[in-house]
Amino acid sequence: MAKFRTLDDLGDVNGKVALVRVDLNLPMQDGAVTDDTRVRASAPTILDLCAKGAKVLLLAHFGRPKGERVSTQSLSMVVDAVQSVIGKEVMFVPEIAGPVVAQSVGILRPGDVAILENTRFWKGEEKNDPELARAIAENGDFYVNDAFSAAHRAHATTEGLAHVLPAYAGRSMQAELEALEKALGNPQRPVAAVVGGAKVSSKLDVLKHLVTQVDHLIIGGGMANTFLAASDVDVGKSLCEHDLKPTAVEILETADKSGCTVHLPYDVVVAKEFAANPASLRTCAVHEVAADEMILDVGPQAVEALADVLKTCRTLVWNGPLGAFETEPFDHATVSLAKVAAALTAEGSLVSVAGGGDTVAALNHAGAADDFSYISTAGGAFLEWMEGKELPGVAALHKD
Ligand code: ADP
Ligand code: MG
């Protein structure tokens, strides 16, 4: 199935120089890394290459310095975090190409690791300048891309390098691509998709693509309100994009033609004010929402019906919470359905893949994340993949 080369396809790389694109765009506060999840994701690739005796040069971007050296965005700040995750000393090199990198390579021994400077300090990175890719490649023998989260961008270190050096998918990239292939590329059917979140406008292309791919589309969150409104339901003060009603109708029509069943809530949790446990909280049928109420979660009956849908499915892909889950009790639908999906996955009847910043937070909040088959932490790249787009960083690995 793998149409790309992985670290298993590397021959003897002892003493060879690996240029490894990773995601080190770490959340920081007061100069300290607050979450090292992304480093841990790339550790298997780094350590595998070290064990093979390669000299490992890490390439990554940090923030948006727009082609200038910005001292507060130097990757030197993540050296400690990387050292502590991989349990090895890491050298910092304040360049990405040229003689300084060449000298550093001379100092490194097989199995050593260095972090090169923030790739976005050079204008050619985001322009995907082939000159920059060639200059970087001068100091390397092969290229490994382990940053799925940056693969939706065709930049010199996410795409360009794959054209000038032998290219391989790292372990984390490989795991992500294999999980995504199982979820939408070549899934076991029936397939269900949950799409929630705040707005239809942010996920129009996702919805349009999914209705042609999946058997069941479960729409929740604020975006369900636009679909309900398009079906002539009065959604009161709910978050709703009334101008997108015609688009919602089109999506429903495409679903119908494609044999995709769209599930909209028929009961909902509403309140007059958006606050934790408000006095006006109540559950009602969708056609009973009052003019001064807003829909903040999917209702319990609908959740039960959705659980029954998931029980008939073999594959689930999930992006977007079903309600305003950050505020009690509007997390109930998301938490209950996530628990059902986690249990079905744990018993082996469902492959479940989820992604999206708030989705990951919601699944963690539900205590369901560990039982999902795969959780993608790649925001933009995950959504573009859900839109059915080919990601340039992935496409470049597919060549032979
Ligand atoms: P992700 O980051 O996983 O892609 P989104 O950013 O699209 O998800 O959406 C998450 C946001 O949607 C959350 O902040 C949540 O509070 C909000 N949301 C979900 N349901 C509703 C609703 N009924 N009304 C208002 N906001 C909602
Ligand atoms: Mg979000």
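Domain bounds here come from an automatic or database domain assignment. On that basis, the protein chain of this predicted model splits into domain 1 (7-172) and domain 2 (187-386). Two open sheets of six strands give you the framework: one runs β5-β6-β4-β1-β7-β8, and the other runs β11-β10-β9-β15-β16-β17. Here's the tour, topic by topic.

**How the two domains meet**

- Taken over C-alpha atoms, the centres of domain 1 and domain 2 sit 37 Å apart.
- On the contact side, five residues of domain 1 touch eight residues of domain 2.
- Between them, domain 1 and domain 2 bury about 470 Å², and carbon and sulfur atoms supply 67% of that.
- Looking at domain 1, the residues that lose the most area to domain 2 are F148, S149 and H152, which together make up 77% of what that side buries.

**The sheet that starts with β5**

- Pairing is parallel in the β5-β6-β4-β1-β7-β8 sheet.
- Its edges are β5 (90-93) and β8 (167-169); each has a single partner strand, so one side of each is left without a neighbour in the sheet.
- Direction ignored, neighbouring strands here are turned by 25° against each other on average.
- If you want to check one pairing by eye, β7 (residues 142-145) and β8 run parallel and are joined by three bridges.
- V144 has Y168 in β8 as its bridge partner.
- Helix α1 (residues 37-51) packs on this sheet and touches β1 (17-21), β4 (55-59), β6 (113-116) and β7. The direction of α1 makes about 155° with that of β4.
- Helix α2 (residues 79-86) packs on the sheet as well, touching β4, β5 and β6, with its direction at about 155° to that of β5.

**The sheet that starts with β11**

- The β11-β10-β9-β15-β16-β17 sheet is also open, with parallel pairing.
- Its edge strands are β11 (261-263) and β17 (374-376), each of which pairs on one side only.
- The average turn between neighbouring strands is 15° in this sheet, direction ignored.
- Strands β15 (residues 315-319) and β16 (residues 351-355) run parallel and share four bridges.
- Within that pair, you'll find W318 opposite A354 in β16.
- Helix α7 (residues 171-185) packs on the sheet, in touch with β9 (191-195), β15, β16 and β17. The direction of α7 makes about 110° with that of β17.
- Helix α11 (residues 300-312) packs on the sheet too, where it touches β9, β10 (216-219), β11 and β15. Its direction is at about 150° to that of β10.

**Nonpolar cores**

- The largest nonpolar core has 65 residues, and the members touching the most others are L57, F148, L207, L210, L217 and W385.
- Helix α7 gives this core its largest share, six residues.
- Both domain 1 and domain 2 contribute at least three residues each to this core.
- Take L207: leaving aside neighbours within four places in sequence, it contacts V195, V200, L217, I219, M223, F227 and I251.
- Apart from that core lies another, of 30 residues, including L7, V56, L75 and I115.

**T315, a buried spot in β15**

- T315 belongs to strand β15.
- Its relative accessibility is 0%, so T315 counts as buried.
- Not counting residues up to four places away in sequence, T315 touches K182, A183, P187, Q188, P190, V191, A192, L350 and V351.

**Backbone details to check before you set anything up**

- The R189 to P190 peptide bond is cis, with omega near 0°. P190 sits in the loop between α7 and β9, and P190 is also among the residues that T315 touches.
- E328 and P329 are joined by a cis peptide bond too, with omega about -5°. You'll find P329 in the loop between β15 and α12 (332-346).
- N128 isn't a glycine, yet its phi is positive, near 55°. N128 lies in the loop between α4 (123-127) and α5 (130-137).
- D232 is another non-glycine residue with a positive phi, near 65°, and its place is in the loop between α9 (221-230) and α10 (245-258).
- D232 has 74% relative accessibility, so it counts as exposed.

Technical notes. Residues are numbered from 1 along each chain as its sequence is written. Chains are lettered from A and ligands numbered from 1 in the order in which they are written. This is a predicted model: local features need pLDDT of at least 70, side-chain atom pairs count only at pLDDT 80 or more; totals for chains, interfaces and linings use all residues. Side-chain values use heavy atoms; hydrogens and water are left out. Two strands pair if DSSP finds at least two bridges between them. Axes are lines fitted to C-alpha atoms, for helices over the stretch in contact, and angles run from 0 to 180 degrees between N-to-C directions. Contact means heavy atoms within 4.5 Å. A nonpolar core is a set of buried Ala, Val, Leu, Ile, Met, Phe, Trp, Tyr and Cys residues joined through side-chain atoms within 4.5 Å. Buried means under 20% relative accessible area, exposed over 50%, partly exposed in between (1.4 Å probe, protein chains only). Buried area is the accessible area (1.4 Å probe) that two parts lose on being put together, summed over both.
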